[in-house]
Amino acid sequence: VDLVGAQLAARYEAKDLTTQNLSIYTTLDLHLQGLAQQALERGLERVQELIKKRTTAQVQGSLIAIEPASGKVVALVGGRSYGRSQYNRVIQSRRQPGSTFKPFVYLAAFEATFDDPSLPPITPATVVEDAPAVFFYEDKEYIPTNYEDTYHGMVTLRRALAMSMNVATVKVAEMIGYDKVASLWSKKLGIGAPIQPYPAIALGSFEATPYELATAYNVLANGGLKVEPVTILQVADERSRVLEQHHAAVPERVVREEAAFLVTDMLRSVLNEGTAAGARGLGFTADAAGKTGTTNDYRDAWFAGFTPDLLCVVWVGFDDNTPVGLSGTRAALPIWVDFMKAALEGRPPTEFPPPPEGIVFVEIDRDTGLLARPGCPKTRTEAFVAGTEPREPCGAH
C-alpha cells in the first residue's frame, strides 16, 4: 500500500488523494500476499534459530513476486513486521546482488557473440579454467576466490553457472570486456543507476534493490522482452468514472531471444544439479530457472527464480550489513521454495516456451564441451545458437 501510495503521490495532488474518495485497483493478490508473509516469517524464524549462538539481533528479509508476462506485482513483503519497521526493503534497500548477478555476465557474453561476429562464439559449452587467477584492471590487482576455496579446473559455462564458480565467471567477463557487462545492465536492460566496469562487478559487487533485480530477471522470464513491474490497474472517482487505466504497453526487446533462452536454460541446471538442487529435496518439483546469491562475508543471502507463471526474489540479511553467516542456498532458497510451492499449488504445471527458431541441440561431452563420442561417460544435450555448435569430436575418452 505504501508503494502504491508513493506512485500515486507522483501523479496526483495530495489534497485530491485525501478528499476525492478515489477507488484504487491494484495488482496485489491477497491470497499470494498472505502466503508470501507466512513464508518470509517462517523462513526468518528458521534463520534466527540457525544463527542464535552467534547473535540475537533480528535478521531481516524481503520478498517480491511478479507475474512475468504482465509484470503485475502480486505479492510484496518489505520486511519481517510492518508494525516494527515501515522500511520497505524491496524498493528502498540497496544491497549487493552477489552471485544473483552472474546470469547477466553470461547473457552479456551470448549477446556479444551476436554483436561482434569476429569474436570466437561463446556458448553454454565453452570451456574456461576455474583455477586461482589474478585479474588486472587500471593497474589494480583483483584476486577473486571461490566458495570454500574449491576449484574445478576446466569447466563448461553451464557448469560454472550451475555451481556458481567465481573465478570462471570473472574470466567470462574478462573475455568479452567488463564494459560490455556493465553496459548490458545499465543500458540494454536499463536497471538502476549506471554501474562501473571493473572485474568485481562480475560477482555482483555493486548495489541494487530486490525490485530492480526482479525487473532484470523478468527480462529473462520474458525471453528478452522488458516488461516493467506494475502495481496500479485502475483509478476511479466516486462516481466510478475511470481516471486512469493501466494498458499493457508493447514490451520492448532489450536482448535477443536466443541469448535469453540460453541463460534461462542454464538457470534450470542451477535447480536440477547446481547450488539450488536443495529445492528438489524440499519438495519443489516444478520446472524453474533461478540463481542463489551470497555476498562477501555472507552479508546478503538471495534467491531469484521463476517458473513460466511466477517470478519471485527473496533477500535475507541485516539492515546494518553485519554478516548473517549463511549462504543464499541455506537462508533464502527455503523461503522461495516455501512460497512458490504454496503459490503454484493446484495450478497445472506450465512448460517453458519452446526454443526460438535459431537454437539447435547437440549431444556433447559434459566435461570438454565437444561433440560426444560413443566412449564419453557423461554426455548432455546442449543448446546452441545455430552455427556456434562444436564441430570437433571429444578426444578425452
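What follows is a chat between a biologist and a modeller about a predicted model.

Biologist: Let's start with H3 and H12. How do these two helices run relative to each other, roughly parallel or roughly antiparallel?
Modeller: In this predicted model, H3 covers residues 30-51 and H12 covers residues 333-344, and their axes are 9 Å apart. The packing angle is about 150°. Angles over 145 degrees count that way, so H3 is, relative to H12, roughly antiparallel.

Biologist: And which hand does the crossing of H3 and H12 have, left or right?
Modeller: On the H3 side the contact includes Leu-32, Leu-35 and Ala-36, and on the H12 side Pro-334, Ile-335 and Phe-339 are among the residues involved. The crossing of these two helices is right-handed.

Biologist: How many residues in the contact of H3 with H12 are nonpolar?
Modeller: Arg-42 and Arg-46 of H3 take part, as does Asp-338 of H12. The split has three charged residues and one polar, and the nonpolar ones number eleven.

Biologist: Now H4 and H6. What is the hand of their crossing?
Modeller: H6 spans residues 166-176, and its axis comes within 9 Å of the H4 axis, crossing at roughly 30°. Val-105, Ala-109 and Ala-112 of H4 are among the contact residues, with Val-172 and Ile-176 among those from H6. The contact residues divide into nine nonpolar, two polar and one charged. As for the hand, the crossing is left-handed.

Biologist: There's a glutamate in H4, Glu-111. Is Glu-111 buried or exposed?
Modeller: Glu-111 sits in H4, residues 102-115. Leaving aside neighbours within four places in sequence, its contacts include Lys-188, Arg-256 and Leu-184. Its relative accessible area is 2%, and the cut-off for that class is under 20%, so Glu-111 is buried.

Biologist: What about Leu-243, which accessibility class does it count as?
Modeller: Leu-243 lies in strand S10, residues 242-245. Setting aside neighbours within four places in sequence, Leu-243 is in contact with Tyr-12, Leu-22, Val-235, Ala-236 and Asp-237. Its relative accessibility is 45%, and the class between 20% and 50% applies, so Leu-243 counts as partly exposed.

Biologist: How many residues apart along the chain are Leu-243 and Leu-22?
Modeller: These two leucines are in contact. Their C-alpha atoms are separated by 9.2 Å, while along the chain the residues are apart by 221.

Biologist: Which strands are the edges of the sheet that holds S10?
Modeller: That sheet is open, with three strands in the order S1-S9-S10 and antiparallel pairing. Neighbouring strands are turned by 15° against each other on average, direction ignored. Each edge strand pairs on one side only, and the edges are S1 and S10.

Biologist: Which residue of S10 stands opposite Val-235?
Modeller: S9, residues 232-236, runs antiparallel to S10, and three bridges join the two. Across from Val-235 in S10 is Glu-244.

Biologist: Let's turn to the five-strand sheet. What is its average twist from one strand to the next?
Modeller: The strand order is S3-S2-S14-S13-S12, in an open sheet with antiparallel pairing. S3 and S12 are the edges. From one strand to the next the twist averages 10°.

Biologist: Which residue in S3 is the bridge partner of Ala-65?
Modeller: S2, residues 60-67, pairs with S3 in the antiparallel sense over five bridges. In S3, the partner of Ala-65 is Ala-75.

Biologist: And at what angle does H9 run to S12?
Modeller: H9, residues 257-273, lies across S12 and S13. Its angle to S12 is about 65°.

Terms used:
Residues are numbered from 1 along each chain as its sequence is written. This is a predicted model: local features need pLDDT of at least 70, side-chain atom pairs count only at pLDDT 80 or more; totals for chains, interfaces and linings use all residues. Side-chain values use heavy atoms; hydrogens and water are left out. Axes are lines fitted to C-alpha atoms, for helices over the stretch in contact, and angles run from 0 to 180 degrees between N-to-C directions. Helices (H or I, at least four residues) and strands (E, at least two) are DSSP runs, numbered from the N terminus. Angles under 35 degrees count as roughly parallel, over 145 as roughly antiparallel, 65 to 115 as roughly perpendicular and the rest as oblique. A crossing is left-handed if the near helix is turned anticlockwise from the far one by less than a right angle, and right-handed if clockwise. Contact means heavy atoms within 4.5 Å. Ala, Val, Leu, Ile, Met, Phe, Trp, Tyr, Cys and Pro count as nonpolar, Asp, Glu, Lys and Arg as charged, and the others, Gly among them, as polar. Buried means under 20% relative accessible area, exposed over 50%, partly exposed in between (1.4 Å probe, protein chains only). Two strands pair if DSSP finds at least two bridges between them.
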